[in-house]
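Welcome! Here is a short briefing to help you find your way around a new structure. Take a look at the picture, then read on.

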Amino acid sequence: MAQTVVLKVGMSCEGCAGAVRRVLGKMEGVDSFDIDMKEQKVTVIGNVQPESVLQTVSKTGKKTAFWEAEAETVPKKVEAETVDKKAEEGTGAKEPVAPA
């Protein structure tokens with residue numbers, strides 16, 4: 001039976017995320033996973049036990065813990081998105097264009 005496990009993992013660079021990718025890619029029962037560097041959040045979906053996922057990711061040497069209740073993070077995230085959308089409306093036409 002597939003379940004979702006969400007972890008907070010201390011990742012400071014792409015190398016850290018790569019280490020997490022490697023261990024999860026080898027872990028039996030993992031169907032998919034998502035790594036959000038900005039939020040330091042790792043979401044794993046599959047036929048896995050939460051404690052096993054925590055132990056596996058901990059082997060990377062990164063500080064790892066279960067993500068706290070989603071209800072605590074949703075209002076902050078929604079507020080941040082609202083602010084970003086307002087900022088984009090005012091500066092959308094002035095965004096720099098990368099040289100070809």
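A good place to start is Val30, whose bridge partner in strand 3 is Gly46. Please keep in mind that this is a predicted model. The protein chain has 3 helices and 4 strands, and along the sequence they follow the pattern β-α-β-β-α-β-α.

**The chain as a whole**

- The protein chain has 100 residues, and 26% of them count as buried.
- Among contacts in the protein chain with a separation of 6 or more, 62% link residues 24 or more positions apart.

**The sheet**

- The 4 strands make up an open sheet with antiparallel pairing, and their order across the sheet is 2-3-1-4.
- At the edges you will find strand 2 (30-36) and strand 4 (64-66), each of which pairs on one side only.
- On average, neighbouring strands of this sheet are turned by 25° against each other, with direction ignored.
- Helix 1 (residues 14-26) packs on the sheet, where it touches strand 1, strand 2 and strand 3 (41-46). The direction of helix 1 makes about 170° with that of strand 2.
- As general background, strands of a sheet pair through backbone hydrogen bonds, and the pairing is either parallel or antiparallel.

**How the strands pair**

- Strand 2 and strand 3 are antiparallel and are paired over 6 bridges. Ile35 has Val42 of strand 3 as its bridge partner, and the pairing of Val30 with Gly46 of strand 3 is another bridge to look for.
- Strand 1 and strand 3 also pair in the antiparallel sense, over 6 bridges. Here Leu7 has Val42 of strand 3 as its bridge partner.
- Val42 is therefore a handy landmark in strand 3, being the bridge partner of Ile35 and of Leu7.- Strand 1 (residues 3-9) and strand 4 run antiparallel and are joined by 3 bridges. Within strand 4, Ala65 is the bridge partner of Lys8.

**The hairpin and Gln40**

- Which residue takes a positive phi in the hairpin of strand 2 and strand 3? That residue is Gln40, with a phi near 55°.
- The hairpin has 4 residues between the strands, and Gln40 is placed in this loop between strand 2 and strand 3.
- Most residues other than glycine have a negative phi. The phi of Gln40 is a positive value in a residue other than glycine.
- Gln40 is partly exposed, and its relative accessible area is 26%.

**The cysteines**

- How many disulfides does the structure have? The count comes to 0.
- Cys13 is in no disulfide, and the nearest cysteine sulfur, that of Cys16, is 3.6 Å away.
- Why is there no bond for Cys16? The closest cysteine sulfur, in Cys13, is 3.6 Å from the sulfur of Cys16, which is too far for a bond, because a disulfide needs sulfur atoms within 2.5 Å.
- Is Cys16 buried or exposed? Cys16 is buried, with a relative accessible area of 6%, whereas Cys13 counts as partly exposed at 36% relative accessibility.

**Lys62 and its contacts**

- Lys62 is found in the loop between helix 2 (50-58) and strand 4.
- At 24% relative accessibility, Lys62 is counted as partly exposed.
- Which residues does Lys62 contact, leaving aside its neighbours within four places in sequence? They are Val9, Gly10 and Cys16.
- Lys62 and Val9 lie 53 residues apart in sequence, yet their C-alpha atoms are 6.4 Å apart in space.

**Rings and charges**

- The charged end of Lys41 sits over the ring of Trp67, at 4.9 Å from the centre of that ring.
- As for aromatic pairs, the structure holds 0 of them.

Conventions: Residues are numbered from 1 along each chain as its sequence is written. This is a predicted model: local features need pLDDT of at least 70, side-chain atom pairs count only at pLDDT 80 or more; totals for chains, interfaces and linings use all residues. Side-chain values use heavy atoms; hydrogens and water are left out. Rings of Phe, Tyr and Trp (its six-membered ring) pair if their centres lie within 6.5 Å; planes under 30 degrees apart count as stacked, over 60 as edge-to-face and the rest as tilted. A charge sits over a ring if NZ of Lys or CZ of Arg is within 6 Å of the ring centre and within 35 degrees of the ring normal. Buried means under 20% relative accessible area, exposed over 50%, partly exposed in between (1.4 Å probe, protein chains only). Two strands pair if DSSP finds at least two bridges between them. Helices (H or I, at least four residues) and strands (E, at least two) are DSSP runs, numbered from the N terminus. Axes are lines fitted to C-alpha atoms, for helices over the stretch in contact, and angles run from 0 to 180 degrees between N-to-C directions. Contact means heavy atoms within 4.5 Å.
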